[in-house]
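Me: Got a minute to go through this model with me? I have a few quick questions.
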Amino acid sequence: MSATGRFAGDRVRAWLERHAIGLTALVTAGILVVMLYLPVGVVFVEAVLEDGTPTLGHFADVLTDPFYFGALADVFAEPLAIGTHLGSLAGWLAAISISLTLEYPLPGVDIPVPWLAVDTPGVRKGLFGFTAYQAALSTVASVAIGLPAAYVLANYEFYGRRTLRSLTILPFVMPGILVAVGFYAMFGRAGTLNGLLGTVGLGPYAFIETSPLTIVILAHAFYNAPLVARLTVAAWESVDARTVETARSLGASERRAFRDVIIPQLAPAVLTGALLTFIFTFMTFPIVLALGGLQLATVEVWIYDRIQRLDYAEAATLAILETILSLGLTYAYLRYESAQTGFAQAPSPPPKERLVPDLRTALSPRRLAIFGYGLVALVLFVGPMASLVVGGVTDGSGLTLRNYSFLLERQLEGASFQTLPLPAIRNSLLFGIATLLIAVPMGVVISVLTARTGRSGTIVDTLAMLPLAVSGIVFGIGLLQGLVFGIPLPGGWRFQVTGAVAIVVAHAVAAYPFVTRNVSPVLTNLDPAMVESARALGASRFRALLDVELPLVANGIVAGAAFAFAISIGEFSSTVILASGGESYTMPVAVERYLGRRSGPAIAMGTLLLAVTAASFVVIDRVGGRYEL
């Protein structure tokens, strides 16, 4: 190569290095616009257009239908009729008549909850009301179960405490469909609980069939109580013990000091955990779909049913209303986030007692209560996963490999249109790896843009965190109607993303915020002087990032990558919409399809999914990743 060519090449490389961060930011922004904001926008457009004409008719139909809003439908009807002239009285009466004669039961008609002894008033709640109702019950259960765990982890020292605290990260890596199958393996007719009852001559009982809402709430508590515990433990350990000692020295009793000093400092964390739990359970999908189906349909489940019936306009309308509500709840969470983020160890943290210092103390009422709670927690949190593993190798008559033999026979002899195990496992692993290749660079770039850029960085972070506020169902609808069906371009061209590529896009968009949340705090805490020193020695901003900053945040990147992989492996909501044929269904989709026919193979496939998820969790725990909400 001539000297001139080398000089030109050096100039190009130098220019690319100087503008590398800006270029990667533009590429990331382009991906977000095309793969995130465009699909979500398509959902909004679908709901406000009818035959190409703008209309609010879809919203009016939903808001004034008692099936969706119960008693509130009458409240919405008159303003909509007067303000928009979108319907007549006959139209509203027809809508009410149709909603009352649907082939599915109307959600929210006072389903009993024996274990909570809740007797709700006879007011028709509608689909949205029932969704909020079950979310509220799930939140109460999650807080009630999570707070005692936080108390024990924050105040007592015992063998295995660090491991138990690490396990509070499970809600972020445990697939919802896996939790559902675990509870099915425990509470089903051939489940572990009926097996134990059978040894004493009782049962079998149809727990899921007779009390589906109770099982769903317990499954939600399994999923979210560790989240409440994790947040509350962090707040508890940030309490300065000297403030408690000061209150005691001024004459306050131990109970009064706890009430006046500790509780006010824990309240923001508890409220944050409750808000997040309500948001997560309001947008619940795989757990309700697997354990309750249309009998306990939440908004997400009903949207999925509308998509199955090709009623995209109604599905999009419901998706927008749900998104508006979830964004409002997310805003409420963000208002309290500052009270929870950045908890540091207090100068004088509360001292931890030994849980069992001696036999006499172990028999004290407080310790016995803790051991009783531990037994309940063991049944609730270990039981479903243990039942999943045991259920894969047992049936009503004892040990068997019949379930795994079914998977092998299906793989060897199944037709191409059937759900085969090996393609599901292969697809899950390949999609997970492909998700890493997209989500990790995106997450790191967004972390760099938001770490030290002040207010503009906050705006970028807010815009980039949209996937945390939009459900997978909503995103799946947008991808299906937009990128999968194709978007017409000038000149007769058509932009289309289908099959495996669409699923990887959905997984990457769902996963990159977790990379950002792991990398950003570590990057923010680095000493800026190190970057300045590198720049003073002639390094470009990109070179300083590559050689100085990224090696120092490697643990956060690895933890974020493990999160991204685990989320891809377990993602169900958008995948079940986009998956078609043997080329794109994944392990969670296979579990759901098997569960609709025979529970044994679903449990066996769920066990394999559990093994992959557990491996991801081990990586997160070993590298010390700490998820920042």
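Reply: Sure. Keep in mind that this is a predicted model. Let's start with helix 20. Its face turned away from the buried side carries the exposed residues Leu 408, Leu 412 and Glu 413.

Me: And which residues are buried in helix 20?
Reply: Asn 403, Phe 406, Leu 407 and Arg 410 are buried there. They cover an arc of only 100° around the axis, so they sit on the same side of helix 20.

Me: What span should helix 20 have, and how far apart are its end C-alpha atoms?
Reply: Helix 20 runs over residues 402–413, which is 12 residues. At 1.5 Å a residue, it should span 16 Å. The end C-alpha atoms are 15 Å apart, which agrees.

Me: New topic. Where is Ser 568?
Reply: Ser 568 is in helix 27, residues 554–570.

Me: Buried or exposed, that Ser 568?
Reply: Buried, because its relative accessibility is 2%, and buried means under 20%.

Me: What does Ser 568 touch?
Reply: Leaving out residues up to four places away in sequence, Ser 568 touches Phe 431, Gly 432, Thr 435 and His 507. With Gly 432 there is also a polar pair: a polar atom of the Ser 568 side chain lies 3.4 Å from the backbone nitrogen of Gly 432.

Me: Last one. What about the phi of Leu 310?
Reply: Leu 310 has a positive phi of about 65°, although it is not a glycine.

Me: Where is Leu 310 found?
Reply: In the loop between helix 16 (299–308) and helix 17 (312–337). Leu 310 counts as exposed because its relative accessibility is 60%, and the cut-off for exposed is over 50%.

How values were computed:
Residues are numbered from 1 along each chain as its sequence is written. This is a predicted model: local features need pLDDT of at least 70, side-chain atom pairs count only at pLDDT 80 or more; totals for chains, interfaces and linings use all residues. Side-chain values use heavy atoms; hydrogens and water are left out. Helices (H or I, at least four residues) and strands (E, at least two) are DSSP runs, numbered from the N terminus. Buried means under 20% relative accessible area, exposed over 50%, partly exposed in between (1.4 Å probe, protein chains only). A polar contact is a pair of N or O atoms within 3.5 Å; within protein, one must be able to donate a hydrogen and the other to accept it, and residues adjacent in sequence count only if both atoms are side-chain atoms. Contact means heavy atoms within 4.5 Å. The expected span of a helix is 1.5 Å times one less than its number of residues. The arc is that of the directions from the helix axis to the C-beta atoms.
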